[in-house]
Amino acid sequence: TIRANLEQIAERLWSDRAVVMVGAGFSKNASAKYPSWFELGDILFEKAHGRRPDTNEKSYLSLLKVAEDAEAVIKRPALDAVLMRHIPDDTVDPSTLHETLLELPWADVLTTNYDTLLERAQRKVTSRRYSTVYHQDDLEYQKKPRIIKLHGSFPSHRPFVITEEDYREYPQKRAPFVNTVRQALLE
């Protein structure tokens, strides 16, 4: 039953064994200015093709492929700049939901978000101190609980993971992050 699952999650959470994964949708709690996955896809489609997608083209299934196409046209530094321009990190404050999430006793907070909402929210949380891991080489040196930035972070922890090639190479290039996520799933 759902109650049994919730009780199991609560038991693991309160024994400091639970890990949470935060994706792009969570940032929308801070502001509607944050683009959805599909809105970001439209922006990248326009960079790749010089126009907005029409209704038939809206059926593209892979933001990763659209990002790959955009990178081929505008190159990687410009692709990173597009992400930084359209994800309003420095003009939006973390929501109370960000703070509330970090008040819970997570062993780690894994995030694919480039924004710094979680890092800034943790400054207001007095019940727990999270260290932030931006680079895989820092995993072993940062004490738990940690906020682990799996896909890069604004303003300068790049490359941002966004293209098909980034995802294809991720297991080899970022093996410590992959192992951390796998271990969290096992536990």
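Begin by selecting Glu165 and Arg168, whose side chains form a salt bridge with an N to O distance of 2.5 Å. The model on screen is a predicted one. Both residues belong to helix 8 (residues 164-173), and because they are three residues apart there, about one helical turn separates them. An α-helix has 3.6 residues a turn, so residues three or four places apart point the same way. Colour the pair by accessibility: Glu165 is partly exposed, at 27% relative accessible area, whereas Arg168 is exposed, at 53%.

Keep helix 8 in view and add Glu71, Arg76, Asp80 and Asp166, which are joined in a network of salt bridges. In the whole structure, a search finds 17 salt bridges.

Another of these pairs is Asp108 with Lys144, where the closest N and O atoms are 3.8 Å apart. This pair connects distant parts of the chain: Asp108 is in strand 2 (residues 108-111), Lys144 is in the loop between strand 3 (131-133) and strand 4, and their positions lie 36 residues apart in the numbering. Asp108 is buried, with a relative accessible area of 3%, while Lys144 is partly exposed at 49%.

Next, select Lys149, which is located in strand 4 (residues 146-149). Is Lys149 buried or exposed? Its relative accessibility is 1%, so Lys149 counts as buried, the cut-off being under 20%.

Which residue meets the side chain of Lys149 in a salt bridge? The partner is Glu119, at 3.1 Å from N to O. Glu119 is in helix 7 (residues 117-122) and Lys149 in strand 4, so the bridge ties together parts that are 30 residues apart in sequence. Glu119 is likewise buried, at 4% relative accessibility.

Now display the backbone atoms around Lys149. The side chain of Lys149 reaches the backbone oxygen of Asn113 at 3.2 Å, and a polar atom of that side chain lies 2.4 Å from the backbone oxygen of Asp115. Leaving aside residues up to four places away in sequence, the contacts of Lys149 include Thr111, Tyr114, Thr132, Tyr134 and Phe177.

Finally, move to helix 1 (residues 2-14). At 1.5 Å a residue, its 13 residues should span 18 Å, and the C-alpha atoms at its ends are 18 Å apart, which agrees. Select Ile2, Leu6 and Ile9 to see a nonpolar patch on the surface, with a combined accessible area of about 330 Å². Ile2, a residue of helix 1, is exposed at 66% relative accessible area. The last stop is Asp16, just after helix 1, which has a positive phi of about 60°.

How values were computed. Residues numbered from 1 in each chain as written. Predicted model: local features only at pLDDT ≥ 70, side-chain atom pairs only at ≥ 80, totals over all residues. Heavy atoms only, no water. Helix = DSSP H or I, 4+ residues; strand = E, 2+ residues; numbered from the N terminus. Expected span 1.5 Å × (residues − 1). Patch = residues over 30% accessible without salt bridge, like charges linked within 9 Å, V, L, I, M, F, W, Y side chains within 5 Å. Areas by Shrake-Rupley, 256 points an atom, 1.4 Å probe, with all protein chains shown as cover. Salt bridge = Lys/Arg side-chain N within 4 Å of Asp/Glu carboxyl O. Buried < 20%, exposed > 50% of the residue type's maximum accessible area, 1.4 Å probe, protein only. Polar contact = N/O pair within 3.5 Å; in protein donor to acceptor, adjacent residues only side chain to side chain. Contact = heavy atoms within 4.5 Å.
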